[in-house]
Amino acid sequence: MAPDTLDLDLVVRRLAGDGKARVSADAVAVWLLGLDGSELALHAALGFARPSTARTLAHRPFGRLADWLTPRRVPSLGIVPASLPPGRAWLREESIRSVLVVPLAAGGIRLGLLAAFRRRRPFTARHLAAAREIAAAGGPAIHAALRFAEEREHVERAEILLAVTQTLASTSDLPAALGEIAHRTAAALGAECCEIHVADAPAPSPSAVPEGGAELVVPIGREYAAIGSLRVVRRDGGEWAPTIVELATAIAGQIALAAENARLVRQAEAHAGELAALHDVTATLTSTLELPTVLETVADSARSLIGAQRCGVFELDGAQQLVPRASRGVPIEHLLTLKPGQGAVGAAALRRAPFFTPDWREHEPPGYATDRVGDDVLRDAVRRQGIRAVLAVPLVSKDTLVGVIAAAWDDVHAYDEREVRLLTGLAQQAAVALDRARVHTAALRRADELGALLRAARTVMAGLDRDATLQQIAHEAAGIAGTPHVKVLVVDSQTRTLRLGAITGSPVPADFAVPLGSSYSGRVAVTGEPLFVSDTANDPQNNLAQRDREAGIVTYLGLPIRSRERVLGVLTFNTTMPRRYSPPELDYLASFADLAGIALDNARLYDEAQQALADLRAMQQKLVRGETLRALGELAGGAAHHLNNLLTIVVGRVQLLLRNVEDDRLRRPLAIIEKAAKDGAEVVRRLQQFSRTHQVGQLRTLTLEDVAGDALGLTRGHWQDSARARGVSIDVEQRLAGATTIEGDAAALREAVTNLVLNAVDAMPKGGRLTVETRTDGDRAVLVVADTGTGMSEHVRLKAHEPFFTTKGVKATGLGLSVAYGIVRSHGGELTLDSREGRGTTVTLMLPRAGATSPAAGSATAPRAGALRMLLVDDEDEVREALAEMLASHGHTVLTATGADEALERLDAEPDLDLVLTDLVMPGGTGWDVAAGVKARRPHVPVGLITGWGDTTDVDDARRAMVDFVVEKPVTVEALQEAVARVRER
């Protein structure tokens, strides 16, 4: 049979027709093996009366494939037995008597069977040979047709699979594509409907299997895991052809692949979304180095990435505690400060791995039942927060734990790998950002600290005002420590207390003082060691606990202020929130305490230097003033000497004239001249007092109270009567203390104090208060005269000691204060003047208390009675002649000498001299030299000293003992008579 066609059905029908004709059969059938070789399928049947001819013949080994027809091996002839098994009953129904069976094969490949049937006559061997020829000829044709059918079937299946693949690939909407694929699959498999169910897509409503129909279900899966199913339903019953099953399986595989791809795409998109979200977070985190901003960004990102209802960011601080720094969905003050190992947050920190609990009530994190937070068990504290599920992820940077991110849900929440992955990725980025921000913040803080320290150091170095410097240190320290409550307490060694030097924040009473050794600061001052108290309100050793509770003070830090190992004070810090200080913070804050120590030491040194400078200036002024007065005194003394010589001549000559002139017309001018000369002598006397050549009279024991009382009594007319007459009032206040006994000249001191009181009264033309005070100061007796008058400018004060300087005009001589200065100096004391314009003047006299001795006046042997023979020594001719005439006018015999040497020569030549009168200052020898020569030769002869230099208080006792009396120039007749009379009486 020529293979002119590849249509299997046509080839099989031709084969069946040829065989029927060649072997004269009543009926012919052709069965072909299925693809798996497990059964024979009827492909052609001719001559059968009933449609019940077996369509499928199951067989076991191929060698027995015709056992159902004949017990012989094919090819064979056989007679149908009278009794047949149920599966072959159709042979009897067709009245088949003889069967002829030959195999169909091609190239050694068995293809099936060709069977011929007769109802009356049996087949013969000739018929068998003919059948074999027909089978041999038809086998290749059937084989070719089978191959062609297989290839066509493969093509059709490939086209179907290609269409399925294209459909799946052409859309990203897998559920929509599955609907179209189900329609194509049903058409390709000849089914009524096809239903495809995939886990990630909506499931279609299942269709009922028609009565007598068939259902084919193929699993859709990947790697041994089913993700769905492909269900095919047809109206016809029976087994599903293997090719249909294979095609359905292939379609299911494509669907599985598409579903897997879709899943991967979704994962990739989700991962891309996660990466994009993390990238955005990273960009945000890296855009700032401000730690608070970074913490807030981390909290926002964590909440938005995983959709948690609450989120918190915890930072591991220096005390190894997890402190909440940022929160979302819950006030930050409601979050708990935990230790590593406590709760979900602490567990993540301790394990350095994510920790998740879907419901802490069912799966409690570590420490919930045992650890305490404040007064509560951790479980109760978390219950009040109202959360159920917690996911905590550690923040680790460079193998160092920096904190924890925690997300929480109010309800039970299932574990989600994606949430863990997202929060872990965020944690990695956040840890780096937090580390950078912390480094940046630390750098900024260090810069701020150094800046504050530098500013404080500049203040210490540049400022000498202790209070202003300490206030600046307190201000800078408060800014760095982050608390407004800073105090600088300074040790008061006299009262043994700490007193306020500077303060920021809450004020304290002005008399605030802390005894050394009591309270926190007192203990720091005594021990010299820092002290930190974390809970002052509940500390039984806190003496000010009630005050701290009222002020909201929580912590105390006290740092000793030192200088050269000596505690000068305490620098204190108080906070109203819980606070811990790391060792670097304590070291840095101690720097401010060191600066305070330097400031206090500098202030002390500055005060000492200022006091020393003030003392030096006062001493310089005193020395300058003293030298000035000394120079003026020497000048005044020299002038007084010459004036006294001149006045001696004038007064002596006038008095001699008055004794010899009786005419009143002459006596009157002479009296005027005498009076003017005596007034001039009084001026000279004041000059001598200023020059300190005025002799202090007889020294005796007296009190400054008596001197002050006498002076006030002598001046009462000025400060009381005259003031009242002018319509003003001057109040006099006496503060007279006892024990102000001194050795002095009462008259001279009374004159000095009187001058001071008069000056004070003149300085209060509109009235005021005059204060006279006496007191003791060590070995000094002090008298103070103070007024509330007009005062003096600095220029006037500096010139007030100068003689003849006055601000009162022509009515004053300008000698009152300068004379008082000289009197006080002559008593070995000091006079100081303190005055300011508009604030009055205070004059202070300081004199040695009783104990000083004064030289006693020498005594001489009394001369003979009557006229005396005396020697007069003076280098000034006019003075010598005037004095000689004055003495001679009283009947005395006067011998004269012009100098010391001549006087001693005359002494040696005149053995009967009764008295020697000598001038003090002479060229070639002084009056002291004359006195010494006289006493050496004739100790019994009295010696009188005539001087125009004033008193001789500065002469030693040995010299003073050589002089029996002193006569001051200008010498008057009365003075000479009184001196000579004293000599006569002796």
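Helices and strands here are DSSP runs, with at least four residues for a helix and at least two for a strand.

**Figure 1. The whole protein, with its 24 helices and 34 strands.** This is a predicted model. The chain runs to 986 residues, and 46% of them are buried. Take the contacts between residues at least 6 apart in sequence, and 62% of those turn out to join residues at least 24 apart.

**Figure 2. Close-up of helices H3 and H4 where they pack together.** H3 covers residues 125-169 and H4 covers residues 174-188; their axes sit 9 Å apart, at an angle of about 165°. Angles over 145 degrees count as roughly antiparallel, so H3 is roughly antiparallel to H4. The crossing of H3 past H4 is right-handed. On the H3 side, look for Ile 160, Ala 163, Val 164, Thr 167 and Leu 168. They meet Leu 174, Ala 177, Leu 178, Glu 180, Ile 181, Arg 184 and Ala 188 of H4. Sorted by class, that contact comes to 9 nonpolar residues, 1 polar and 2 charged.

**Figure 3. Helix H17 and its buried residues.** H17 spans residues 746-762, which is 17 residues in all. From first C-alpha to last it reaches 24 Å, close to the 24 Å expected at 1.5 Å a residue. Quite a list of its residues is buried: Ala 746, Ala 748, Leu 749, Ala 752, Val 753, Thr 754, Asn 755, Leu 756, Val 757, Ala 760 and Val 761.

**Figure 4. Close-up of the packed pair H21 and H22.** Here residues 900-909 (H21) pack against residues 927-937 (H22), at an angle of about 20° and with the axes 9 Å apart. Since angles under 35 degrees count as roughly parallel, H21 is roughly parallel to H22. Their crossing is right-handed. H21 brings Ala 900, Ala 903, Leu 904, Leu 907 and Asp 908 to the contact, while H22 brings Val 930, Gly 933, Val 934 and Arg 937. By class, that gives 6 nonpolar, 1 polar and 2 charged residues.

**Figure 5. Gly 944 and its surroundings in strand S33.** The strand takes in residues 943-947. Gly 944 has a relative accessible area of 0%, so it counts as buried. Setting aside neighbours within four places in sequence, its contacts are Leu 915, Val 916, Leu 917, Thr 918 and Phe 965. Leu 920 lies 24 residues from Gly 944 along the chain, and the two C-alpha atoms are separated by 9.8 Å.

Note on methods: Residues numbered from 1 in each chain as written. Predicted model: local features only at pLDDT ≥ 70, side-chain atom pairs only at ≥ 80, totals over all residues. Heavy atoms only, no water. Axes fitted to C-alpha atoms, helices over the stretch in contact; angles between N-to-C directions. Parallel < 35°, antiparallel > 145°, perpendicular 65-115°, else oblique. Left-handed = near helix turned anticlockwise from the far one by under 90°. Contact = heavy atoms within 4.5 Å. Nonpolar A, V, L, I, M, F, W, Y, C, P; charged D, E, K, R; others polar. Expected span 1.5 Å × (residues − 1). Buried < 20%, exposed > 50% of the residue type's maximum accessible area, 1.4 Å probe, protein only.
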